[in-house]
Amino acid sequence: MNELVLLTFPSTFYALRAEKVVQGAGLRGRLIPVPRELSSLCGLALELDPAEAGRALYLLQTTGIVPERKVRAVKEGPCLKNISDIL
């Protein structure tokens, strides 16, 4: 099992900016297609290590980038399980 945090954004522009901010701070973050378990719409999600998610969210907040949705999930193969929203 692989636990992860996913952030979705209102547009591709914000997703790209978020990735740049997170990686610029030396944190591990990468853009992936939004999993079907989160949305049927196309788009990008920022995948984060749960240990770094708090710092990444703080950095994004201070730069004015607000995620649309923040979730913690467990990846089992190609599927997400135990999806829970982060408040």
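Q: This is a predicted model, so let's start with one residue: what makes Asn82 count as exposed?
A: Asn82 has 60% relative accessibility. The label "exposed" needs a value over 50%, so Asn82 earns it. Asn82 is found in strand 5, and Asn82 has a positive phi of about 50 degrees although it is not a glycine.

Q: Why is Phe13 called exposed, and why is Tyr14 called partly exposed?
A: Check each value against the cut-offs. Phe13 has a relative accessible area of 52%, and exposed means over 50%, so Phe13 passes. Tyr14 comes out at 31%. Buried is under 20% and exposed is over 50%, with partly exposed in between, so Tyr14 lands in the middle class.

Q: What makes Phe13 and Tyr14 an aromatic pair, and why is the pair called edge-to-face?
A: Start with the distance: the rings are 5.4 Å centre to centre. Centres have to lie within 6.5 Å, so the two rings pair. Next comes the angle, which is 75 degrees between the planes. Edge-to-face needs over 60, so that name fits. The structure holds one aromatic pair, and this is the one formed by Phe13 and Tyr14.

Q: How do you know that strand 1 and strand 4 pair?
A: Count the bridges. Pairing takes at least two, and strand 1 (residues 2–8) and strand 4 (residues 69–76) have seven, so they pair, in the antiparallel sense. Among the partners, Leu4 bridges to Ala73 in strand 4.

Q: How do you know that strand 4 also pairs with strand 5?
A: Use the bridge count again. Strand 4 and strand 5 (residues 79–85) share five bridges, and at least two are needed, so they pair too, in the antiparallel sense. Val71 stands opposite Asp85 in strand 5. The hairpin of these strands has two residues between them, and Gly77 there takes a positive phi near 65 degrees.

Q: Which residues touch the most other members of the largest nonpolar core?
A: Out of 15 residues in that core, these are Leu7, Phe9, Ala18, Val22, Leu46, Leu48 and Leu60. Two or more residues come from each of strand 1, helix 1 (12–24), strand 3 (44–48) and helix 2 (50–62). Helix 2 gives the most, with four residues.

Q: What lines the largest pocket?
A: The lining divides into eight nonpolar, five polar and two charged residues. Phe9, Val34, Cys42, Gly43 and Glu68 are the closest to the centre of this pocket. Its volume is about 220 Å³.

Notes
Residues are numbered from 1 along each chain as its sequence is written. This is a predicted model: local features need pLDDT of at least 70, side-chain atom pairs count only at pLDDT 80 or more; totals for chains, interfaces and linings use all residues. Side-chain values use heavy atoms; hydrogens and water are left out. Rings of Phe, Tyr and Trp (its six-membered ring) pair if their centres lie within 6.5 Å; planes under 30 degrees apart count as stacked, over 60 as edge-to-face and the rest as tilted. Buried means under 20% relative accessible area, exposed over 50%, partly exposed in between (1.4 Å probe, protein chains only). On a 1 Å grid over the protein atoms alone, a cavity is a set of points where a 1.4 Å probe fits but cannot get out, and a pocket is an open set with protein on both sides within 12 Å along at least five of seven lines; lining residues have an atom within 4 Å of a point. Grid points are joined across faces, edges and corners, and a volume is the space filled by probe spheres set on the points. Ala, Val, Leu, Ile, Met, Phe, Trp, Tyr, Cys and Pro count as nonpolar, Asp, Glu, Lys and Arg as charged, and the others, Gly among them, as polar. A nonpolar core is a set of buried Ala, Val, Leu, Ile, Met, Phe, Trp, Tyr and Cys residues joined through side-chain atoms within 4.5 Å.
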